[in-house]
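Work through the exercises below with the structure open beside you, and try each task before you read its solution.

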Amino acid sequence: MTRGPRLAVIGGGLAGSMAAVEAAQAGLTVDLFALGPAKRSHSAAAQGGINAALNTHDLGDSTGEHFDDTIYGGDFLANQTPVKNMCDAAPGIIHLFDRMGVPFNRTPEGVIDLRLLGGTKFPRVAFSGATTGQQLLYAADEQVRRHEAAGRVHRYEGWEFLSAAFDETGDGRFLGIVAQDLKTMEIRAFPCAAAVFGTGGPGLIFGQTTNSASNNGYASYALWRQGVKYGNPEFIQVHPTAIPGADKNRLISESVRGEGGRVWTWKDGQKWYFLEEWYPAYGNLVPRDIATRAIFKVCVDMGLGVDGEQCVYLDMTHMDPAEVARRLEGILDIYQLFTGQDPRRVPMRIFPAVHYSMGGLWVDYEQMTNIPGIFAAGELDYQYHGANRLGGNGMLSAIYGGMVAGRAAVRYLEGLSKVTAGGGGGAGGGGADQAGRAGSPTPVDGEGAGALAAAVRREQERDAAIARMDGTENAYLLRDELGALMNGNVTVVRYNDRLRTTLEKLGELKERYRHIGVTDSSGWSNQAVGYVRRLWGMLELSQAITLGALQRDESRGAHYKPEFPERDDANWLKTTIATYTPDGPKLSYEPVDLRFIRPRVRKYDVDKGASRNV
Amino acid sequence: MSEKTAAATVLFRIKRQDTPAAAPYWDEFRVPSRPFMNVVAALMEIQKNPVNTAGRRVAPVVWDCNCLEEVCGACAMIVNGRARQACSALVRDLAEPIVLEALSKFPVVRDLMVDRAVMFENLKKVKAWTAVDTTSDTAEAGPRVPPRVQALNYQLARCMTCGCCMEACPQVNRRSGFIGPAVLAQVKLFNSHPLGQPLAPERLEAIMGPGGIAECGKAQNCQKACPKQLPLTQVLADLGRQTSVRALTGWLRR
Ligand SMILES: Cc1cc2nc3c(=O)[nH]c(=O)nc-3n(C[C@H](O)[C@H](O)[C@H](O)COP(=O)(O)OP(=O)(O)OC[C@H]3O[C@@H](n4cnc5c(N)ncnc54)[C@H](O)[C@@H]3O)c2cc1C
């Protein structure tokens with residue numbers, strides 16, 4: 001069973017773990033890499049739940065409605081075929097995780113309960129207390145552990161992926177990955193003919209966000225630098241409801257509104273429920289981009305933030321305390337801990353914070369990037385959310401994408417062992433244009449070994465060069481500046497002049513980067529050197545995000561320009577593709593797969609159906 | 001919340017260790033205080049200016065963290081003598097100097113970072129998983145679960161493998177090899193899941209030998225130490241009973 005070809009899976013979150021399970025189940029041997037124990041991955045932090053049109057309450061939901069809500073919510077920028085497939089697969093995925101032991105909340109009859117999140121009229125969210133992500137991740141990790149016990153998975157936890165290795169003198173095929181042991185600092189090559197990446201989003205670029213400390217985006221960056229295309233970098237989701245903090249902005253889940261929480265502020269001495277007034281059809285459950293912009297407008301443009309501060313109320317004091325305890329407790333405990341106030345008695349003060357990246361590595365419908373053998377799934381891909389992600393679709397896309405990637409990698413490797421020469425084995429639909437690299441099942445013959453060794457040397461040199469940096473700049477402070485710059489100019493409201501200035505300032509930060517002094521000279525478990533390495537990736541990815549935003553002269557989903565307030569399908573219904581060059585990102589565009597649903601105006605003051613009929 | 005306390009600082013006393021083999025030593029840092037600041041934010045401040053109270057530039061403190069909202073289990077350490085998550089330890093609730101130490105029941109990697117691999121190994125030993133046939137859509141929902149049962153299982157499923165219970169347990173030491181409360185809770189959880197039940201006998205067997213449930217000294221410290229309030233005392237009592245019954249009736253199955 002454990003002989004066959006090896007697959008490297010990088011990332012132990014929902015996407016990576018499910019890819020590993022798929023491949024191990026098919027008999028492959030999997031090497032699983034993660035920055036720390038997979039069980040501690042960022043996916044654990046997801047609170048609200050996961051979408052699937054189970055239609056438990058028989059309210060007319062269907063996978064078709066889920067598909068339509070997702071495409072509509074994403075302002076028609078997502079390729080429709082993979083989104084449809086994901087929505088169709090969702091109920092089966094919930095049943096799988098149920099079998100895997102996730103303690104989903106139940107109705108009195110004992111079936112899986114559902115709740116509401118934004119951007120839909122149907123309760124569609126399966127949840128497990130207030131820590132759904134934790135529960136889903138644990139179930140996936142447990143299955144990985146089961147395969148590990150059977151010898152089919154080898155864990156490299158505490159190893160960081162640094163770069164991919166290619167046969168540079170030959171046909172350019174993918175040979176394996178280079179990774180570093182974060183304890184011993186050893187850098188090593190791991191030969192493999194295929195790899196699945198599930199390394200998560202790049203949120204840390206924006207400073208204080210709702211993300212975990214591991215969401216540094218370096219793996220995406222490294223692959224991008226090596227030729228993988230990056231799709232829709234400019235689409236960054238800002239979540240409407242978070243509590244600002246010194247180390248991170250803690251999310252207050254959308255499920256609070258799903259369960260009946262209301263957003264308001266004072267106006268003329270009265271409570272003003274502005275979301276309900278502006279969007280009567282969806283009220284507090286408008287999608288995130290809409291709610292975020294509304295809160296911004298109230299606080300920034302109208303100056304109506306609570307007590308003149310940048311915040312509004314999220315109120316659940318009117319709700320039944322017993323229900324609140326059963327369905328939201330963990331979330332409210334977080335608020336109480338970090339503000340000292342009890343949200344059951346006093347309305348919460350919240351403000352938007354960067355939360356999720358819709359953009360990411362370009363993949364085809366089998367989750368393969370433009371480099372044969374390199375697959376990507378989860379928050380690091382660009383595939384499922386278009387211009388705005390709906391709540392509950394993030395984990396679904398990570399699980400679904402991970403499973404598709406795992407299966408596709410298995411087929412790809414099978415294809416390689418059948419056709420020894422020639423490439424692109426398992427490449428799927430979606431108009432994949434390959435980089436002209438071939439693949440091979442036996443990557444480490446003489447030449448390959450040389451190329452892998454060279455790739456290791458390159459990373460060792462990079463490491464050594466960083467360790468020698470002895471300037472006066474502090475990398476952590478520089479990251480704070482980057483975060484403030486990006487957060488201030490490339491999030492909720494975007495102006496072209498400020499985007500241009502941001503690009504200039506990014507250039508300055510890259511210059512100052514060269515004057516960093518590395519604060520730790522130890523050769524053991526050195527966290528400072530890795531931080532500096534990742535910071536460079538953040539700076540270069542920031543350029544792609546900012547340039548993507550600058551070029552796109554329209555407003556669509558999370559991307560909003562007051563100078564171009566309307567969606568412009570004639571010119572901009574297309575996917576941004578950022579390609580790396582040493583002189584900065586180059587942008588091109590490709591058409592969106594629109595084969596099922598014709599684009600229509602997106603508005604939430606009326607029912608989606610009303611918009612459908614225009 | 002908005003009152004300015006710019007000048008105020010907080011004193012941290014941190015036990016450091018450069019490598020697993022090196023001798024530990026102490027460093028002190030003064031960190032600018034901020035409202036609702038947690039221990040992780042303070043450690044982040046030290047990264048930005050790693051100068052100790054003696055005015056010496058030192059390596060920034062090494063520690064582990066990820067989610068920063070007490071759900072991943074990474075940042076467990078000893079704060080003022082008590083094992084807990086650093087992210088939910090608020091500076092304003094702690095007496096100064098705030099003393100930080102690595103968990104003592106695990107090998108130190110560096111400074112406040114420890115290696116808890118043993119817990120994950122033990123999860124393997126007790127087969128903490130359900131044996132699903134396939135990840136394919138079997139077009140079948142899982143078994144029905146009454147909300148009351150779900151609530152119990154959810155409680156046990158929230159264990160983040162942080163190791164606080166191991167730290168608090170007097171029986172966890174090199175001599176006993178005690179598997180510890182966290183992993184035992186997973187035995188209880190999976191043995192009560194319909195799809196986990198087929199492996200229930202094997203799980204009980206796994207905790208009946210040396211280092212198993214019999215090592216529990218009933219000190220009940222674990223439940224007090226658990227940041228997620230798992231009902232560990234009850235779990236250990238239940239498993240104790242089940243393994244005794246199994247030991248007594250073992251010959252029946254031979
Ligand atoms: C606070 C919060 C709440 C959320 N709530 C919800 C919700 O309710 N519903 C929903 O659907 N979505 C939610 N999301 C979004 C969703 O949780 C994430 O998008 C999703 O879990 C990402 O999963 P992933 O597998 O892609 O990546 P992650 O879980 O981020 O995992 C990434 C993995 O890659 C590893 N890694 C990273 N870089 C490297 C490297 N260089 N080398 C080796 N390993 C590496 C990490 O260690 C980790 O194991 C939420 C997000 C946040 C921030």
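**Exercise 1.** With which residue does B:Lys228 form a salt bridge, and how far apart are the closest N and O atoms?

*Solution.* Keep in mind that this is a predicted model. The partner of B:Lys228 is B:Glu70, and the closest N and O atoms of the two are 3.1 Å apart. This distance lies within the limit of 4 Å, so the pair counts as a salt bridge.

**Exercise 2.** Locate the two domains of chain B, and describe how they meet.

*Solution.* Begin with the assignment, in which domain 1 of chain B covers 3-114, while domain 2 of chain B consists of 117-132 + 142-252. Next, take the centres of these two domains over C-alpha atoms, which gives a separation of 31 Å. Then turn to the contacts, where 13 residues of domain 1 of chain B touch 13 residues of domain 2 of chain B. Finally, consider the area: the two domains bury about 1,000 Å² between them, and 56% of this is on carbon and sulfur atoms. On the side of domain 1 of chain B, 51% of the buried area is supplied by B:Glu70, B:Lys105 and B:Phe106, more than by any other three residues.

**Exercise 3.** How many residue pairs are in polar contact between the domains, and which strand gives the most to the side of domain 1 of chain B that touches domain 2 of chain B?

*Solution.* The count is six residue pairs in polar contact between domain 1 and domain 2 of chain B. On the touching side of domain 1, β3 (76-79) and β4 (82-85) of chain B each supply at least two residues, and β4(B) gives the most, with three residues. Sorted by kind, the residues of this side are seven nonpolar, three polar and three charged.

Terms used. Residues numbered from 1 in each chain as written. Chains lettered and ligands numbered in written order. Predicted model: local features only at pLDDT ≥ 70, side-chain atom pairs only at ≥ 80, totals over all residues. Heavy atoms only, no water. Domains from an automatic or database assignment. Contact = heavy atoms within 4.5 Å. Buried area = accessible area lost by both parts, 1.4 Å probe. Salt bridge = Lys/Arg side-chain N within 4 Å of Asp/Glu carboxyl O. Polar contact = N/O pair within 3.5 Å; in protein donor to acceptor, adjacent residues only side chain to side chain. Helix = DSSP H or I, 4+ residues; strand = E, 2+ residues; numbered from the N terminus. Nonpolar A, V, L, I, M, F, W, Y, C, P; charged D, E, K, R; others polar.
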